[in-house]
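User: Could you go through this one with me? I'd like to start with the aromatic rings and then move on.

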Amino acid sequence: MVRKCQVCKKLDTFHPELSFHRFPVDPERRNVWFFLVNFSDNDLQSLPKHPEICSDHFHPSDIITKQNGLRYIKPEANPKPINSTEPEIMPSSSDSTSFGSPPRASRMLLEEMRAQEEDFQLSSTTATASEAENEMRKLAMDPSEVSKIIPEKTASKKRKRRYIGDMASSDFSTPEKRRKNLQKVKQTVAKQRKRIHSLQMTVRRLRLRITSLESLLKHLKEKSLISESAESIIKASVSGPAVDIFERLLKGPSAQKYNPSLRSFALTLSFYSAKAYNFVRRTFNRTLPHLGTISKWYSSVDGSPGFTKEALIALTLKQKESSKPLLCNLVMDEMSIRRQVEWTGQKFTGYVDIGTAIDEDTLPEAREALVFMLVALNSSWKLPVGYFLLNGLSASTKAGLVNKCLEFIHESGVTITSLTFDGAPVNITMAEKLGADFTDPLNLKTSFKHPITNSDIYIFLDACHMIKLVRNCMASQTGLKDINKKEIKWSYVTNLVDKQNVEGLHAATKIRIRHLQWAREKMKVRLATQTISRSVSDALTFLRDDLKSPEFQDSEATSEFLLKFNNLFDIFNSRNRHVKYEFKKPLSLQTASKFFEYINEVKEYIIGDHLEEMPEYISVMENIKNDVQHYYHNYAPSAWDLTIYVEDVVTYIAGFVVKGLKTCLNCPKCLYLLETSQTISLLQDRKTYGRLVKASKLVIEICKAAEKFFQILP
C-alpha cells in the first residue's frame with residue numbers, strides 16, 4: 001500500500017526516509033491541524049477517509065523513534081504552520097464546512113502568532129525556548145483562542161493540482177479549465193500506457209529467456225546471485241513432477257501437452273484428495289490440469305466388457321509396493337440391467353458381450369451383468385477386475401469364466417484364497433463343475449483347485465443371500481420339524497406381529513407387517529435379518545414362558561430355529577471386535593474354539609435326523625400366500641385395564657426412560673428414586689444380555705399411567 005502526504009503530496013516509495021502519520025481523530029485537534037497546514041475547502045472535500053501527513057511538517061523534537069525503528073508523533077505535537085501568499089475571502093465561523101473547521105487564516109493570523117510568540121519570549125527572561133514553543137502550541141490547539149485573532153473574512157491560496165487524482169469537479173467548471181485539465185489527463189494516460197507497455201515487454205523478454213530450471217539457474221549464476229555449488233545442489237534437489245510444475249510455471253499458460261510424470265502426479269493427487277489438488281493448482285498458478293481434464297483422462301480407460309488391463313497394472317503395482325504377499329478373496333455377482341441398445345459413435349452396445357469383440361446385431365440383448373471384484377484380506381482395498389454382459393449363462397460357462405479370471409489375476413502375483421457368490425442353484429452347479437461337491441451333506445467338499453498353482457480355493461456362500469433363503473424357506477415351506485418332532489412354524493411370527501399391533505407396543509423387536517409381506521421385497525436383506533433375529537426369538541420365549549400366552553404355546557422349536565440361524569449369520573457377518581454380544585465378534589484366536597464348536601453344533605442341527613421331513617429342494621422364489629391369517633383376542637380390553645403383556649412391556653420401557661433421565665439429572669437423591677436393583681419385568685430379565693437399567697416402582701407406575709392416557713386418545 002502506497003502512503004501519501006496530503007500536504008506536500010510526497011509518496012513513501014520515493015521518500016523512504018520520511019514517516020507518515022494520520023491526522024487526529026479528535027475533531028478539535030483535527031481542525032487545528034487543517035488550519036495550520038492551510039487546507040482550503042476544495043482540499044477538505046478531496047481528502048481520503050484517513051488522510052496522512054509526512055514528518056517534514058513537524059519539528060524534529062516532536063518525533064519519537066522507538067527501538068524497533070518505528071517513528072511516532074508526540075501526543076501534544078502540531079504540524080508547522082504553512083504561509084499563505086494569496087489570501088481569499090473565507091466564510092465566517094457560522095458557515096464552516098462539513099468537517100467542522102474554523103475560518104481560514106490569512107497572513108495577519110501568522111504575523112499575530114509570531115508577535116505573541118516574541119512578546120512571550122521577551123516577557124519571561126527565565127523561560128526557555130522549548131517552554132515558549134509549548135505555550136504557542138497550546139495556543140494553536142485552543143480553537144477559542146484562535147478564533148479571537150482570526151478575522152471574520154480570511155483567504156487562502158488555491159493549491160495547484162499536481163496529479164489527476166487531486167482534481168475536483170471545480171477544475172472542470174469553465175471551458176478553459178476543462179480544456180487545460182483534459183489535456184493534462186490525456187498526457188498522463190499516454191505516459192502511463194507507455195510505461196505499462198515497457199514493463200510488459202520486460203516481463204515477456206524475461207519469460208522468453210527463462211523457460212526452464214536450467215535457464216533460470218544460468219540467469220541467476222550470470223547475475224552472481226548463486227554459486228556453482230548452489231546450482232548443483234538445486235538441480236539435485238528438484239526432480240520428477242516438481243521439475244515439470246516448475247517449468248510450466250516459468251513458461252506460463254500454454255497449450256502444450258502434460259509430461260507423463262506430471263500427468264501421473266495429477267491423477268494420483270486428485271484420486272486421494274480433490275481439495276488438496278485444487279489447493280496445489282491454485283498455489284502454482286494453475287500449472288496442473290483442470291479436474292475436467294482429469295475426468296477426460298479417466299474416460300480414456302478402456303471400459304469395454306472383459307477383464308481390464310488397467311486392473312492388472314494396478315494389481316501388479318500393489319504387489320510390488322507391498323512387503324508381504326497379498327491375499328485376496330474373489331467375489332462374483334450378477335445384477336440385472338435394462339435391455340437397451342445404444343450407438344456410442346463407433347459401435348452398438350447393449351448386446352451380449354463376453355469380451356470377444358464380436359460386433360453383430362444378431363446377438364441377443366443383454367439382460368444381466370456378471371461382475372468380478374477382488375477384496376484384499378490382509379489390506380484395505382477393493383478392485384473390480386472385469387465384467388461381462390449376458391443373457392443367461394450356463395454353469396459350465398460360468399466355471400470357465402472363473403478359471404479365466406483366476407489365470408488373469410495370477411499374472412499380477414496376487415494370491416487368491418477364496419471365492420464368494422450367491423447360493424443360487426446355478427452357482428452351486430458351477431461350484432461342482434469347478435471341483436467342489438455339495439451333494440452329500442455329511443461329506444461336503446467346499447474347495448476346488450487353482451487352474452495354475454493347484455492350490456485350494458475355498459468357497460464361501462454370501463451370508464446375506466443365505467439368510468434371505470432361510471427366511472424364504474421358513475415362510476413358504478411346511479413340514480419343518482426339530483429333533484423332538486415339533487414344528488417350526490411361520491405362524492408364530494405372524495401371531496407376534498398381530499399381538500404387537502393389538503396391544504399397541506412392541507416387545508423389543510423391529511418386526512412389522514412389512515416383514516410378513518416379504519415377497520414384495522425379497523431382495524431386502526434388512527427385512528430378513530430383522531425377522532431371523534435373536535430379538536424375535538426372545539419375544540416368542542417371553543410370551544410363551546413368562547406370560548403363558550396360549551397362541552404361543554409349542555413355539556420352542558421356532559425360537560430355537562431363529563436363534564441358531566441368527567448366531568450363525570452373526571459369525572459370518574462380524575465387523576467390530578469391541579461388541580458385547582459374543583457371536584458378533586470377528587474370528588480370532590480368542591473366539592476360534594467357541595465359534596468352531598458352535599458351527600459344528602449348528603451343522604448337526606441342520607443335517608440331523610430331525611430335519612428329514614424337510615423337502616430336498618426348496619423353491620426360493622415362491623410367493624407368500626396372498627391371505628395372511630391374523631389372530632386377535634376374542635375380547636376388546638378396556639382402555640383403563642392394561643393387559644399383563646402391556647404392563648410387562650411398559651416396565652421394560654421404563655428402564656429406557658430412566659436411562660435417558662440419568663443423562664440430564666445431577667441430584668443424587670433424584671437418581672436414587674429412579675432406579676432399583678430388582679428386576680420387575682420378565683421381558684427385561686429375558687433381554688438382559690449385559691446390563692440394563694432397571695426402573696423403580698415409582699417410575700413404572702408413572703409410565704403405566706401415561707400408557708393408559710395414550711390408549712384413550714383418539
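User: Which residue lies over the face of tyrosine 72, and how far is it from the ring centre?

Analyst: In this model, which is predicted, lysine 66 lies over the face of tyrosine 72, at a distance of 4.6 Å from the ring centre. There is also lysine 564, whose charged end sits over the ring of tyrosine 605, 5.5 Å from the centre of that ring.

User: OK, and ring against ring: how many aromatic pairs are there in the whole structure?

Analyst: Searching the whole structure gives 15 aromatic pairs. One of them joins phenylalanine 23 and phenylalanine 34, a tilted pair with 5.3 Å from centre to centre and 40° between the planes. This pair links distant parts of the chain, since phenylalanine 23 is in the loop between β1 (20–22) and α1 (27–36) while phenylalanine 34 is in helix α1, eleven residues apart.

User: Are those two phenylalanines, 23 and 34, buried or exposed?

Analyst: Phenylalanine 23 and phenylalanine 34 are both buried. They also belong to a cluster linked by ring pairs, made up of Phe23, Trp33, Phe34, Phe39 and Phe58.

User: What about tyrosine 652 and phenylalanine 656, why is that pair edge-to-face?

Analyst: Their planes stand at 75°, with the ring centres 5.4 Å apart, and the cut-off for edge-to-face is over 60 degrees, so the pair falls in that class. Both residues lie in helix α23 (residues 644–662), four residues apart, which is about one turn of the helix. Tyrosine 652 counts as buried because its relative accessibility is 9%, whereas phenylalanine 656, at 47%, counts as partly exposed.

User: Switching to α20, how many of its residues are buried?

Analyst: Ten of the 13 residues of α20 are buried, so that the helix is mostly covered; among them are Val536, Leu540, Phe542 and Arg544. The elements covering these buried residues include α17 (491–503), α19 (525–531), α21 (556–572), α23 and α25 (682–687).

User: And what span does that helix reach?

Analyst: Helix α20 (residues 534–546) reaches 17 Å from its first C-alpha to its last, which is close to the 18 Å expected at 1.5 Å a residue. Lysine 548, which follows α20, has a positive phi, near 55°.

User: Last thing, where does pLDDT stay under 50?

Analyst: The protein chain averages a pLDDT of 77, and 76% of the residues score at least 70. Residues 84–110 stay under 50, and the model has 67 contacts beyond four places in sequence for them. Residues 115–130 also stay under 50, with eight contacts beyond four places in sequence.

Key
Residues are numbered from 1 along each chain as its sequence is written. This is a predicted model: local features need pLDDT of at least 70, side-chain atom pairs count only at pLDDT 80 or more; totals for chains, interfaces and linings use all residues. Side-chain values use heavy atoms; hydrogens and water are left out. Rings of Phe, Tyr and Trp (its six-membered ring) pair if their centres lie within 6.5 Å; planes under 30 degrees apart count as stacked, over 60 as edge-to-face and the rest as tilted. Helices (H or I, at least four residues) and strands (E, at least two) are DSSP runs, numbered from the N terminus. Buried means under 20% relative accessible area, exposed over 50%, partly exposed in between (1.4 Å probe, protein chains only). A charge sits over a ring if NZ of Lys or CZ of Arg is within 6 Å of the ring centre and within 35 degrees of the ring normal. pLDDT is the predictor's confidence in each residue, from 0 to 100. Contact means heavy atoms within 4.5 Å. The expected span of a helix is 1.5 Å times one less than its number of residues.
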